[in-house]
Amino acid sequence: MSTVIPIHSAASGSPGVAPAPSDGGQCRSTDEQMIAAARAAGKAEVLARFEADYPRAGSGPHDQPQSMCPAFGSLRVGLRMRRTQTILSGSACCVYGLTFTSHFYGARRSVGYVPFNSETLVTGKLFEDIRDAVHQQADPTQLDALVVINLCVPTASGVPLQLLPREINGVRVIGIDVPGFGVPTHAEAKDVLAAAMLKFAREEVLAGPVQAPTVGRSGRPAITLLGEMFPADPVIIGRLLDPMGLDCGQVVPTREWRELYAALDGAAVAAIHPFYTASIREFQAAGRPVTGSAPVGQQGTDQWLQAVGELLNLSQPRIDEARNRARPALRAALDRSPIKGRITLSGYEGSELLVARLLVECGADVRYVGTACPATPWNAGDAEWLRAQGVHIQFRASLEQDIGAVNEWRPDLAIGTTPVVQAAKEQSIPAAYFTNLISARPLMGPAGPAALAQVLNAALANRARFDAMKAFFGSTGTGEAAGVWEGAQGIPRERPEFKAETRRQLAKALKKRKAEEMI
């Protein structure tokens, strides 16, 4: 039997739903106002958990990195899973942007949406609409799970997804809050849904028998991998682990529900991406030990294999066998794939430190690594290693810090997000998009150096092309002349006399305001 929340008028101070901080179509409130509203609406515990799991840099103007809407991370995890339907609850503009982005990245499936307005939000009718939608969509012949995601406005208004039924006709119902004012990045939002699913699956395991993995069980201990990665990387990791009598286990986030059981069944967990704090808590609750970093480069692989072996109390000769077998292939791969040049690197995927380690071992002069993700115990070893190589690391990096690094170090190649790449190319500095060109290639084992060297050496070789274009076009299309202009209108030209007059008027207005304040 489903639970129905009581409907209160806005004036009665409903304990379940607070007055909306904005209408259903637009979000006009600041982070502070949204957080205060959410706490007043009963979401204090959720926000406290977010603050502990995903700490921000502080109270400055850039305490939340400037990346895409965080909820895209959770949406992506749900859309990549078979027999899983995702329903969004949020402002229409937000839902439009998220669905557009998801289809841009090839989702190939529909995203559910429960619309609302101020009345349905304040009276509690929105929750009833969500509950009805979940009941309508819960088809066990098509779905294993239904995911409902509260965006900013429903979270701030206290829409209680925890009151949704746990299961409907055998279809699991997962309700999560993923507000932009609580989850800093889309990378960490992946952890929000992955952890919620792991918690549900762990409780199912404790309750009784569950489905076996589709591929069966090998009988050897397996290492669960935490974090999205290139499809070839788990295969490469499996080969590195084989001499120790270990298998590469399930990758989380998973592609179907039963894979969650296989992930929990692993002997240990490798936090390849170090920001899955809540997921790690679920694995630790299941008694699974965790190690950080990844097998990138020769030194990184050597250290990672040692850490995995020690985590499972394997004998040192057995660990050494795996390390010694991996070293020649890794050394040869690094020698065949040198990368020469000064590089700055930034991104919001969470794998930035791993990529930087591999670049350093390939011979690159890496000066700066900026990541939108936080420092955690699982990337501390990578950060220490990079700092020992003279690399500046900026956790919770802002766009201004990333562009400032490009301006300061004047690299031969800038790897970063779209605005960083744009800023670098405007200065005739070759640049590469981190998400499209780096994350879309293998990083682990011997395949990593060759994959990076191919694309980055090609980018480094473009410096002369940029210089030639800069010399040819000059200042065309910059400053006042930026944009497309019709010949009849003429190309805009700088008018210093107008700027001087505007400055004079502003100074006069400021002087007048100060005089009025003294009266």
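**Strand pairing and helix packing in the predicted model**

In the predicted model, Ala268 of strand E8 is the bridge partner of Ile223. The two strands concerned, E6 and E8 (residues 268–270), run parallel and are joined by 3 bridges. E6 is also joined to strand E7 (residues 247–252), again in the parallel sense, by 4 bridges. In this second pairing Ile223 stands opposite Cys248 of E7. Helix H8 (residues 232–241) completes a right-handed β-α-β unit with E6 and E7.

Strand E6 spans residues 222–226, and 5 of its 5 residues are buried. In a regular strand, side chains alternate between the two faces of the sheet. For E6, one side carries Ala222, Thr224 and Leu226 and the other carries Ile223 and Leu225; all of these are buried, so that both faces are covered.

A further set of strands forms an open sheet of 5 members, with parallel pairing and the order E12-E11-E10-E13-E14. E12 and E14 (431–433) stand at the edges; because each has a single partner strand, one side of each is left without a neighbour in the sheet. On average, neighbouring strands of this sheet are turned by 10° against each other, direction ignored. Strand E13 (residues 413–416) pairs with E14 in the parallel sense over 3 bridges, and Gly416 stands opposite Tyr433 of E14. Helix H16 (residues 418–426) packs on the sheet and touches E10 (342–347), E13 and E14. The direction of H16 makes about 165° with that of E14.

The edge strand E12 (392–395) is also among the elements that cover the buried residues of helix H14, as are helix H11 (297–311) and helix H13 (352–361). H14 comprises residues 380–388, and its buried residues include Asp382, Ala383, Trp385 and Leu386. These four lie on the same side of H14, because they cover an arc of only 165° around the axis. Glu384 and Ala388, on the other side of H14, are exposed. H14 is followed by Gly390, which has a positive phi, near 85°.

An acidic residue, Glu282, is located in helix H10 (residues 277–285). Glu282 counts as buried because its relative accessibility is 9%, against a cut-off of under 20%. With neighbours within four places in sequence left aside, the contacts of Glu282 are Ala195, Leu198, Lys199 and Arg202.

Notes:
Residues are numbered from 1 along each chain as its sequence is written. This is a predicted model: local features need pLDDT of at least 70, side-chain atom pairs count only at pLDDT 80 or more; totals for chains, interfaces and linings use all residues. Side-chain values use heavy atoms; hydrogens and water are left out. Buried means under 20% relative accessible area, exposed over 50%, partly exposed in between (1.4 Å probe, protein chains only). Two strands pair if DSSP finds at least two bridges between them. A crossover is right-handed if, with the strands pointing away from the viewer, the path from the first strand over the helix to the second runs clockwise. The arc is that of the directions from the helix axis to the C-beta atoms. Contact means heavy atoms within 4.5 Å. Axes are lines fitted to C-alpha atoms, for helices over the stretch in contact, and angles run from 0 to 180 degrees between N-to-C directions.
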